[in-house]
Amino acid sequence: MSGLGFLKKKIVTACVVLFIVCMPVKILQLPLGAEELTDAEFKAIVKDAWLYAYAPLQNYKTMYNQAVNKNFPGYIGGFDRFRNYARLYTPQDHDIVCPNNDTPYSWAWLDLRAEPLVLTLPDDVSGRYYVNQWFDMYTHNFAYTGVRTTGNKAGNYLFVGPDWHGTVPENISKVFRSETWIIGTLTRTQLLGADDIADLQKFQQQYRLTPLSKFTGSAAPAGASDIIWPVWDEKKALGPGFIDYLNFLLPFMPTVASEKGMFQRFAKIGIGQGAEFNFNELSSKRKQLLIQACQESFEQLCDEAKKITETDDLFGSRQELGSDYIRKRAIGAMIGIYANTKTEAVYRAWSLDKSGNVLDGNKKWVLRFDSGKFPPVSLFWSITLYNAPEKQLVENSLKRYSLGSKSKGLHFQPDGALEIYIQHERPEEAKISNWLPAPSGRFVLAGRMYGPLPPLLNGEWKLPLLQQVE
């Protein structure tokens, strides 16, 4: 996660050329009901719909590149299979923003339209921490398997789509039902040291996905229809083209009962399952209002994301996010998509100094943990540095991207405190062991605390301030 404060480039204000999604559609007279909308109403609906769409579209970006785009370096080979990484992320990895530099990743995307998939997990005899975080197309964390939730024994887990009602085999430990037909997992597996890579690879290879029919030895159902996926274009997705992407995705995301009224409102601007939006049918004024509304929504979301220092309530299931789930998941997708739910891991961020200014690697900073005031966790914690606004790891001579409780060779103060030195310029030799190299420019820090204990979850433990060294 999956880190924090992601500010993307401002969207262009030129009109966006819209693509036509190559799948059956029912053409609506667009914009439906526009003659009944005032300019203010039209703009308000666009802004609400843009915010609603932001997280699903950012999810589509990752899914498209990993499961569809064979030219993407992070292509995992398609759907219904794992791709394991038996190394830590480096500055050359751009699959996601704020990549986790504690535990190597395994990715998989499941297409549940034809039939459910069975996840088989191994016996965890080494005591190794791992977690399979499962998210739907909204980016809701709807299911967890792994050490914390399902234990360290071998098991089989069934993942089914929204309206599947088949027979569950006896040797299935648990069934997880998704609100959407396509789901993904960002699986994290603990690396126990440089000499552990071979054993890590063997462990990861035991994560298996099997179609239900093959798992039971029964006849396979008819395959799902082929999909012609729209090519991802960031500018289109941040501008008026968000409507085309959203309309494409909606057939895979059956409307939940609580959102039916909202989608009746969205339909007035051409959003809906089976709808084809036509930008050119809008008047010149409405085109400009649409562009303006998208830009304002993006800038407002960026402004909110800048202020986030605690992400505890931004990630989780629809129920865990509560009534403000649309705004929360959008902020979460911007600052660190696919972060864990707080019961699995807690995240903290440093993106501004005490005066509200962005952090600059040309200055010298110290992050001090007093003795006895380290993050209260049952597993481990780390501090990772990213450039800004890109939120990617920073190239440096030490190839060091994070420091934390697993780091070897850290120097502690005589009183037991730990000081981490953050700057672009190489510090004096005595501080090298605790140096977290920064870029010559803006940066942010992301803290990850695995297995959070009550003082962390209830706010009793406070994040230390980042201090500038004069």
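Which strand pairs with β2 over seven bridges, and in which sense? In this predicted model, the partner is β8, covering residues 182–189, and the two strands pair in the antiparallel sense. One place to look for this pairing is Leu110, which stands opposite Ile183 in β8.

β2 has a second neighbour as well. Strand β1, made up of residues 82–84, is joined to β2 by three bridges, and here too the strands run antiparallel. Asn84 is a handy residue for finding this contact, since its bridge partner in β2 is Ser106.

What about the surroundings of β2? The strand spans residues 105–111, and seven of its seven residues are buried, so β2 is largely enclosed by the rest of the structure. Buried here means under 20% relative accessible area. In a regular strand, side chains alternate between the two faces of the sheet. Both faces of β2 turn out to be covered. On one side sit Tyr105, Trp107, Trp109 and Asp111, while Ser106, Ala108 and Leu110 are on the other, and every one of these is buried. Ser106 thus turns up twice in this picture: as a buried residue of β2 and as the bridge partner of Asn84. Leu110 does likewise, being buried and standing opposite Ile183.

Stepping back to the whole chain, the secondary structure comes to eleven helices and 18 strands. The radius of gyration is 23 Å, close to the 23 Å that the globule rule gives for 470 residues, so the chain is as compact as a globular protein of that length. Along the principal axes, the C-alpha atoms fill a box of roughly 75 × 60 × 40 Å. Of the 470 residues, 57% count as buried. As for the outside, the chain exposes about 20100 Å², and carbon and sulfur atoms supply 51% of that area.

Then there is the matter of open space. The largest pocket holds about 730 Å³. It is lined by 27 residues, and those closest to its centre are Leu88, Asn101, Ser402, Lys406 and Ser407. Two strands, β13 (377–387) and β14 (402–404), each supply at least two residues of the lining. The largest share comes from β14, with three residues. Sorted by class, the lining of this pocket is a mix of eleven nonpolar, ten polar and six charged residues.

Technical notes. Residues are numbered from 1 along each chain as its sequence is written. This is a predicted model: local features need pLDDT of at least 70, side-chain atom pairs count only at pLDDT 80 or more; totals for chains, interfaces and linings use all residues. Side-chain values use heavy atoms; hydrogens and water are left out. On a 1 Å grid over the protein atoms alone, a cavity is a set of points where a 1.4 Å probe fits but cannot get out, and a pocket is an open set with protein on both sides within 12 Å along at least five of seven lines; lining residues have an atom within 4 Å of a point. Grid points are joined across faces, edges and corners, and a volume is the space filled by probe spheres set on the points. Helices (H or I, at least four residues) and strands (E, at least two) are DSSP runs, numbered from the N terminus. Ala, Val, Leu, Ile, Met, Phe, Trp, Tyr, Cys and Pro count as nonpolar, Asp, Glu, Lys and Arg as charged, and the others, Gly among them, as polar. Buried means under 20% relative accessible area, exposed over 50%, partly exposed in between (1.4 Å probe, protein chains only). Two strands pair if DSSP finds at least two bridges between them. The radius of gyration is taken over C-alpha atoms; the globule rule is 2.2 Å times the number of residues to the power 0.38. Accessible areas come from the Shrake-Rupley method with a 1.4 Å probe; for residues, only the protein chains shown count as cover.
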